[in-house]
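Student: I am new to this structure and would like to go through it slowly. Could we take it one question at a time?

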Amino acid sequence: MDHFQLKNGELYAEDVPLARIAEAVGTPVYVYSTATLQRHARVFKAAVAQAGRTHVAFAIKANPNLGVLRVLANEGFGADVVSGGELKRALAAGMAAKDIVFSGVGKTRAELAMGLDEGIGQFNLELEEEGVVLAQLAAARGVTAQATLRVNPNVDAGTHDKISTGKAENKFGLPIDEAVEIFDRLAPLEGLNLRGVALHIGSQLQSLDPLEAAFTRIGKLVEQLRGRGHAITHVDLGGGLGVPYRAEDNPPSPDEFGAMVARVTKGWDVELMFEPGRVIAANAGVLLTEILWVKPGVIQPWVIVDAAMNDLARVAMYDAWHDFAAVRPSGETMTANVAGPVCESSDVFAKARVIDVVKSGDLAVLRSAGAYGATMASTYNSRALVPEVLVSGDRFEVVAGRIAAETIMAAEGVPEWLKQ
Ligand code: LLP
């Protein structure tokens with residue numbers, strides 16, 4: 001459930017008409033609903049609490065906006081970060097260092113050092129050498145790094161190939177068969193408290209089965225590690241829960257996920273950690289856009305909107321579906337294509353779709369754009385960087401300004417030798 005609903009025939013974000021935001025801020029613009037974020041955060045926390053002691057870290061990559069992060073910090077969420085930049089954001093948003101987990105297959109030495117200096121809660125190690133370096137950096141500082149080994153359980157998540165991470169062919173995690181040996185070698189190192197294991201098998205999962213298979217493998221690994229005398233106190237189960245992008249989608253609910261986790265992890269006696277991203281943020285945001293033209297097409301008309309693939313890359317990158325809806329629907333529909341202005345054939349949001357009838361100057365939204373939306377935006381075609389607005393009740397505020405093409409151009413220069 002989200003808070004983007006029609007009231008008197010007009011689409012609102014909570015108690016704010018989207019048309020008012022378009023007028024004040026311009027389009028395209030991302031609009032997030034605080035009440036939806038809060039609701040998703042509470043539902044997720046309550047769902048996993050069925051499994052006992054838990055720690056929930058929002059996967060910041062899904063939506064790193066400081067306003068959004070502050071909402072989640074207020075809900076008691078920590079953060080899952082994958083770069084120094086995300087680490088700084090988590091801290092700036094008010095998340096406690098001890099609640100931050102550092103994931104990522106390519107952490108630099110400087111990023112590892114930053115994590116130690118900030119005193120973050122956990123590092124999820126991707127390879128043995130990273131553990132050795134982290135231990136050295138920690139020992140040199142006279143501190144102990146809390147860490148887990150991220151393993152690759154070789155499970156097919158059954159999702160889009162480009163967002164699968166838990167198969168042997170993927171770059172993420174270390175082979176589960178080698179985990180025990182690597183654990184044996186890293187655990188004694190000074191500066192390191194290797195306290196558990198982590199995994200994340202993919203995103204937008206439509207079934208609990210692959211998750212259950214992966215968690216079961218992890219449970220066996222925990223047993224093996226304990227059998228060798230290792231104290232396992234933490235298991236990080238990652239993120240990945242899918243969301244409905246269209247009416248007929250029926251992903252498992254957080255509650256079903258929590259019940260499965262409780263069943264599979266029964267008796268593990270660890271703190272379970274989670275890194276949800278999409279399930280918290282996706283349906284808490286829309287991309288608000290204006291229709292520029294309705295261009296007659298050879299097969300169907302082309303609705304050309306002012307948002308484009310540089311603002312929302314998911315359709316071009318993963319063939320994703322985002323519902324398209326008029327802000328003031330007339331009740332009539334038409335079959336059309338929806339596309340942005342960028343000069344790429346992949347800059348198409350919808351093909352041959354039955355949509356609300358719209359005309360030039362109307363407003364519309366691409367729904368479910370709160371996760372992996374603005375954060376993946378670029379300035380391709382020298383377009384401005386898309387702004388973001390946070391709504392709460394009848395209030396709204398710009399939480400990321402539009403960055404104009406001129407501002408980006410100002411960071412560029414012509415070399416001296418070409419100026420003569
Ligand atoms: N933890 C780790 C280690 C991850 O790599 C990810 C996502 C998450 C947690 C959060 O997963 P979620 O709960 O959001 O599924 N840009 C793509 C999604 C990439 C996901 C990358 N990793 C998209 O727009 O679909």
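Student: How do the residues of the shell around the ligand divide into nonpolar, polar and charged?
Tutor: This is a predicted model, in which local features need pLDDT of at least 70, side-chain atom pairs count only at pLDDT 80 or more, and totals for chains, interfaces and linings use all residues. Residues are numbered from 1 along each chain as its sequence is written, and side-chain values use heavy atoms, with hydrogens and water left out. Ala, Val, Leu, Ile, Met, Phe, Trp, Tyr, Cys and Pro count as nonpolar, Asp, Glu, Lys and Arg as charged, and the others, Gly among them, as polar. On that basis the shell holds six nonpolar, six polar and six charged residues.

Student: Which residues surrounding the ligand are the closest?
Tutor: A residue counts here if one of its heavy atoms lies within 4 Å of the ligand, and 18 residues surround the ligand in this way. The closest are S203, E275, R314, Y318 and Y372.

Student: Which residue has a polar side-chain atom 2.6 Å from an oxygen atom of the ligand?
Tutor: A polar contact is a pair of N or O atoms within 3.5 Å, and the side chain of Y318 has an N or O atom 2.8 Å from a nitrogen atom of the ligand. The polar side-chain atom at 2.6 Å from a ligand oxygen belongs to Y372.

Student: Why does the ligand lie between two domains, and which are they?
Tutor: Domain bounds come from an automatic or database domain assignment. The ligand lies between them because both give residues to its shell: domain 1 (4-32 + 282-409) and domain 2 (34-279).

Student: What distance separates the centres of domain 1 and domain 2?
Tutor: The centres are taken over C-alpha atoms. Between domain 1 and domain 2 they are separated by 32 Å.

Key. A polar contact is a pair of N or O atoms within 3.5 Å; within protein, one must be able to donate a hydrogen and the other to accept it, and residues adjacent in sequence count only if both atoms are side-chain atoms.
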